Number of protein chains: 2
Amino acid sequence: MYIESLENLINSFRSLPGVGYKTAQRYAYSILNRDIQDAKQFAQNIVSAKENIKFCNECGNFSESEICETCRKKNKDIICVVKEPKDVATMEKVKNYDGVFHVLGGTISPLENRGPDDIRIKELLSRVQKYNTKEVIMALNPDVEGDATAMYISKLLSPLGVKVTRLAQGISMGSELEFTDEVTLSKAMESRTKI
Amino acid sequence: MYIESLENLINSFRSLPGVGYKTAQRYAYSILNRDIQDAKQFAQNIVSAKENIKFCNECGNFSESEICETCRKKNKDIICVVKEPKDVATMEKVKNYDGVFHVLGGTISPLENRGPDDIRIKELLSRVQKYNTKEVIMALNPDVEGDATAMYISKLLSPLGVKVTRLAQGISMGSELEFTDEVTLSKAMESRTKI
C-alpha cells in the first residue's frame with residue numbers, strides 16, 4: 001500500500017524535531033481519524049502562527065506586534081538575557097522577576113561559525129543605553145558557549161556602568177548529592193552561602 | 001508573554017497522541033523557525049491527506065480510490081484480518097504473504113461497548129463468499145479482546161468451509177528467555193515444533 005498523500009503527511013511530521021517514522025505515522029493516522037473541520041483547523045493554526053508571529057523589534061522574542069507586550073509593559077531597569085525564545089517562556093515562570101528580556105538568538109560558537117556579530121549583542125547595548133538600564137542578568141545555559149558569551153557581553157557592558165549578574169550555579173532543589181556531577185558540586189562549594 | 005496564534009498551534013500539536021505541552025511547544029517553535037512556504041506545505045499536507053484518503057470499500061483500509069490497490073491486484077484466495085489500518089502497514093512487511101487484508105476497525109470489547117455489529121465482520125463474511133476464499137488468517141493482537149474476536153469470527157466462518165488460522169504465538173526472535181513472560185513461554189511450549 002503506497003498512498004501518496006499519506007506519505008506526504010508522514011514526511012511532514014517527520015520534519016518535526018525528534019520525530020521518527022513510527023511516531024510520524026502515528027500522528028498521521030490520528031489526523032485521518034478526526035473530522036475534516038478539525039484537520040482544517042490544525043492546518044490553519046500552522047499557517048496563522050507562521051503569518052502572525054514576527055520578532056519583537058526590542059527584545060527579539062516572538063511577538064504578534066512590532067513591540068511585544070512584555071517590552072511595552074514591564075520595567076526596563078533590568079534586562080534578562082537569554083539564548084532563545086523558548087528560554088523566555090521558561091524564565092517567565094520565575095515569580096520574582098519582573099523585568100524585560102533580551103533574546104540573543106544563539107551563543108558565540110567558533111565551532112558553528114557564529115561570532116558576536118551574528119547574535120543580537122549590538123541591540124542589547126543600545127537598549128541598555130536607551131533605557132539607562134541598571135542591571136543585566138545573563139541567563140544563558142551553563143556550558144562553555146554560554147559562559148564565553150556571558151563573559152564577552154559583560155566586558156562590553158562594564159564601561160556603561162551597568163551591573164552584570166548571572167544565575168547562580170549550584171545543586172538543584174530535590175536532587176541527590178550522590179548523583180550531582182563534580183563540576184556542579186565545586187561551583188556550589190565556591191558560592192556557598194551562610195545559613 | 002501570551003501569543004494567541006502560538007498557543008493555538010501548541011494546542012493543535014497537543015492533540016496528537018502522546019504529545020504533552022513541552023513537546024508541543026518544541027514542535028511549534030520548529031514551525032516558526034522554518035520559512036512560510038514550508039509551513040504552508042505542512043498545512044496543505046494535513047488537509048490533502050484528510051480530503052483524499054477514504055476507506056477502501058472492500059478491505060476497509062485507507063485508500064485514495066474506491067477500491068484500494070491491494071484489493072484490485074492481490075490474490076483473494078487468502079485474507080488476513082487485522083484490527084486497524086496501521087496493522088496492514090505492519091503486515092505488509094511480511095515477505096511471505098501475498099494475499100489481501102481485511103480491517104475490522106476494532107475488536108469486540110464489551111467494556112468499551114463494542115459488539116460484533118460495530119466492527120466489519122459482516123463485510124468479511126460477504127467477501128469470503130463472494131471470492132470463494134480458501135483461508136482467513138486472524139492477525140489480531142494476542143490479548144483477551146483479540147483472542148475473543150478471533151474465536152467469534154472463526155465460529156461464523158467454519159460453516160462456510162473456509163480454513164481459519166491465526167499467527168503462531170511463541171518467543172520472539174532475538175529475545176532472551178530470561179525476560180520472556182510465563183504466558184508466552186507456556187504458549188511456546190504448547191506449540192513446540194520438531195527441529
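# Exercises on salt bridges, sheet and rings

Arg166(B) counts as partly exposed, at 46% relative accessibility. The cut-offs are these: buried means under 20% relative accessible area, exposed means over 50%, and partly exposed lies in between (1.4 Å probe, protein chains only).

This is a predicted model, where local features need pLDDT of at least 70, side-chain atom pairs count only at pLDDT 80 or more, and totals for chains, interfaces and linings use all residues. Residues are numbered from 1 along each chain as its sequence is written, chains are lettered from A and ligands numbered from 1 in the order in which they are written, and side-chain values use heavy atoms, leaving out hydrogens and water.

## Exercise 1. Salt bridges

Find the salt-bridge partner of Asp147(B), and state which parts of chain B the pair ties together.

Step 1. Fix the criterion: a side-chain nitrogen of Lys or Arg within 4 Å of a carboxyl oxygen of Asp or Glu. Side chains of opposite charge can pair when their charged atoms come close.

Step 2. Find the partner. Asp147(B) bridges to Arg166(B), with the closest N and O atoms 3.2 Å apart.

Step 3. Place both ends. Asp147(B) is in helix α7 (residues 144-157) and Arg166(B) in strand β6 (residues 163-166), so the pair ties together parts of chain B that are 19 residues apart in sequence. Helices (H or I, at least four residues) and strands (E, at least two) are DSSP runs, numbered from the N terminus.

Step 4. Check exposure. Asp147(B) is partly exposed, at 24% relative accessibility.

Now repeat the analysis for Lys74(B) and its partner.

Step 1. Lys74(B) forms a salt bridge with Asp98(B), and the closest N and O atoms are 3.0 Å apart.

Step 2. Lys74(B) sits in the loop between α4 (69-73) and β3 (75-82), and Asp98(B) in the loop between α5 (85-91) and β4 (99-103), so this pair ties together parts of chain B that are 24 residues apart in sequence.

Step 3. Both ends are partly exposed: Lys74(B) has a relative accessibility of 35%, and Asp98(B) has 47%.

Step 4. Set the pairs in context. The structure holds 18 salt bridges over all chains. Another one joins Arg114(B) to Glu112(B), with the closest N and O atoms 3.2 Å apart.

## Exercise 2. The sheet of chain B

In what order do the 4 strands of the open sheet in chain B lie?

Step 1. Read the order: β4-β3-β5-β6, with parallel pairing. Two strands pair if DSSP finds at least two bridges between them. Strands of a sheet pair through backbone hydrogen bonds, either parallel or antiparallel.

Step 2. Name the edges. β4 and β6 of chain B each pair on one side only.

Step 3. Add the twist. Neighbouring strands of this sheet are turned by 25° against each other on average, direction ignored. The axes behind this value are lines fitted to C-alpha atoms, for helices over the stretch in contact, and angles run from 0 to 180 degrees between N-to-C directions.

Step 4. Count bridges. β3(B) joins β4(B) through 5. β3(B) joins β5 (residues 135-138) through 4. β5(B) and β6(B) pair over 4.

Step 5. Follow residues across the sheet. Ile79(B) has Val100(B) as its bridge partner in β4(B) and Val136(B) in β5(B). Val81(B) stands opposite Met138(B) in β5(B). Met138(B) in turn has Arg166(B) as its bridge partner in β6(B).

Step 6. Check burial. In β4(B), 5 of its 5 residues are buried. From β5(B), Glu135(B) and Ile137(B) point one way, Val136(B) and Met138(B) the other, and all are buried.

## Exercise 3. Aromatic rings

Classify the ring pair Phe13(A) and Tyr27(A).

Step 1. Count the candidates: the whole structure has 11 aromatic pairs over all chains.

Step 2. Apply the geometry. The ring centres of Phe13(A) and Tyr27(A) are 5.5 Å apart and the planes stand at 75°, so the pair is edge-to-face. Rings of Phe, Tyr and Trp (its six-membered ring) pair if their centres lie within 6.5 Å; planes under 30 degrees apart are stacked, over 60 edge-to-face, and the rest tilted.

Step 3. Place the residues. Phe13(A) is in helix α1 (residues 4-14) and Tyr27(A) in helix α2 (residues 21-32) of chain A, so the pair ties together parts 14 residues apart in sequence.

Step 4. Check burial. Phe13(A) is buried at 0% relative accessible area, and Tyr27(A) is buried at 3%.

Step 5. Widen the view. Ring pairs link Phe13(A), Tyr27(A), Phe42(A), Phe13(B), Tyr27(B) and Phe42(B) into a cluster.
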